[in-house]
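Notebook open, one chain to look through today. I want the overall layout down before I chase any side chains.

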Amino acid sequence: MPSTDKTIRQLNLEDDFLFAKVMSDKEISRKVLEKILGVSIREVSVPTTQKTINILYEGKGIRLDVYLNDDKGTVYNVELERGKRKKAVLPKRSRYYQGNIDLDIISAGEDYRKLKKSFVIFICTFDPFGEQRHLYTFENRCVEIPSLILGDETTKIFLNTKGNMYNVDPEMQEFFEPGREESSSQITSLIYSKSGN
C-alpha cells in the first residue's frame, strides 16, 4: 500500500499543510516577509496560525492564516488564497481584515496613534487582477495628487504565484514553486533543512 505521507519537496503552495508549516517558523516567515517587502527585518514574533478575531457580538469575525509582529511593532497578516471564485471579493476582504486587525490593536478610548503599521498580504495561486504580475501593492493615496500618500501606514499586497512579469525577487519566484529538486534560494533551502527533507 503506497504511503500517503507527503514530503515538503512534494508539496506546493496550494497545500494548506505546507503553508501553515512553512509560515509558522519564525525564521522562514521573516525571510519571506523581507523578500516580499524588499526590506530588512531584524526579528519577528512567533507566528500565530489560524488567529481568530471576533470582536463584535453579532458581527462577522475573521480567522487569519498567519499573524505576526516584527521588532518595530509592525503587524503582518499573511493569507493563502486558492479559490479563483473568491477573486472578486479579495479587495473587500482585505479591507475587512485590515479593519478587524485595527480593532484588535486598540481599545475604546485609546489614541489612534497607537495603531500599528500593518500589512495584509494575500498569496494567491491565481492572478487576482489579470495583469500577469507577481506583485500588486496598494496604499491609500489622494486621487487628485497620486504622489500624496495618506500616511495611515496600511498596505495591502497581493502576490500571484502564476505571474509572468517577474517583478518579485528570484527567491520569491522559487518559493512559489517549492517542488524543485535543485534550489539556490535561501528560503527554499531553509524550508527543506527545517523539514528534514
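**Entry 1: the whole chain**

I started with the surface: about 11500 Å² is accessible on this chain, and carbon and sulfur atoms hold 49% of that. Note to self: this is a predicted model. I then looked up burial and got 43% of the 197 residues as buried.

Next came the elements. I have five helices and six strands, and reading from the N terminus they go α-α-β-β-β-α-β-β-β-α-α. For contacts with a separation of 6 or more, I find that 60% join residues 24 or more positions apart.

**Entry 2: strand β6**

How many of the seven residues of β6 are buried? I get seven of seven for residues 154-160, so I have β6 down as largely enclosed by the rest of the structure. I checked the two faces separately. On one side sit Thr154, Lys156, Phe158 and Asn160, on the other Thr155, Ile157 and Leu159, and both sets are buried. I'm marking Lys156 in the margin, since it is on that list of buried residues.

Which strands pair with β6? I looked at β4 and β5. Strand β4, residues 118-124, runs parallel to β6 and is joined to it by seven bridges. One bridge I wrote down sets cysteine 124 against asparagine 160 of β6. Strand β5, residues 135-138, is antiparallel to β6, with four bridges between them. There I noted leucine 135 opposite leucine 159.

**Entry 3: aromatic rings**

I turned to the rings and found seven aromatic pairs in the structure. I took tyrosine 97 with phenylalanine 122: the ring centres are 6.2 Å apart and the planes sit at 35°, so I have this pair down as tilted. Tyrosine 97 belongs to helix α3 (residues 90-105) and phenylalanine 122 to strand β4, so the pair ties together parts 25 residues apart in sequence. Buried or exposed? Tyrosine 97 is buried, at 9% relative accessible area. Phenylalanine 122 is buried too, at 0%.

Then I looked at phenylalanine 138 with phenylalanine 158, which is edge-to-face, with 5.8 Å between centres and 80° between planes. Phenylalanine 138 is in strand β5 and phenylalanine 158 in strand β6, so here the tie is between parts 20 residues apart in sequence. I checked burial for both rings: phenylalanine 138 comes out partly exposed at 38%, whereas phenylalanine 158 is buried at 3%.

Which residues make up the aromatic cluster? My list reads Tyr97, Phe122, Phe129, Tyr136, Phe138 and Phe158, and they form one cluster. Both pairs I wrote up above have their residues on that list.

**Entry 4: serine 94**

Last, I went back to helix α3 for serine 94. The relative accessible area of serine 94 is 1%, so I count this residue as buried, the cut-off being under 20%. Where does the side chain of serine 94 find a polar partner? A polar atom of that side chain lies 2.7 Å from the backbone oxygen of proline 91.

What does serine 94 touch, leaving aside neighbours within four places in sequence? I get Val120, Phe122, Lys156 and Phe158. Two of these names were already in my notes on the aromatic cluster, Phe122 and Phe158. Lys156 and Phe158 were also in my β6 entry, on one side of that strand.

Key. Residues are numbered from 1 along each chain as its sequence is written. This is a predicted model: local features need pLDDT of at least 70, side-chain atom pairs count only at pLDDT 80 or more; totals for chains, interfaces and linings use all residues. Side-chain values use heavy atoms; hydrogens and water are left out. Helices (H or I, at least four residues) and strands (E, at least two) are DSSP runs, numbered from the N terminus. Buried means under 20% relative accessible area, exposed over 50%, partly exposed in between (1.4 Å probe, protein chains only). Contact means heavy atoms within 4.5 Å. Accessible areas come from the Shrake-Rupley method with a 1.4 Å probe; for residues, only the protein chains shown count as cover. Two strands pair if DSSP finds at least two bridges between them. Rings of Phe, Tyr and Trp (its six-membered ring) pair if their centres lie within 6.5 Å; planes under 30 degrees apart count as stacked, over 60 as edge-to-face and the rest as tilted. A polar contact is a pair of N or O atoms within 3.5 Å; within protein, one must be able to donate a hydrogen and the other to accept it, and residues adjacent in sequence count only if both atoms are side-chain atoms.
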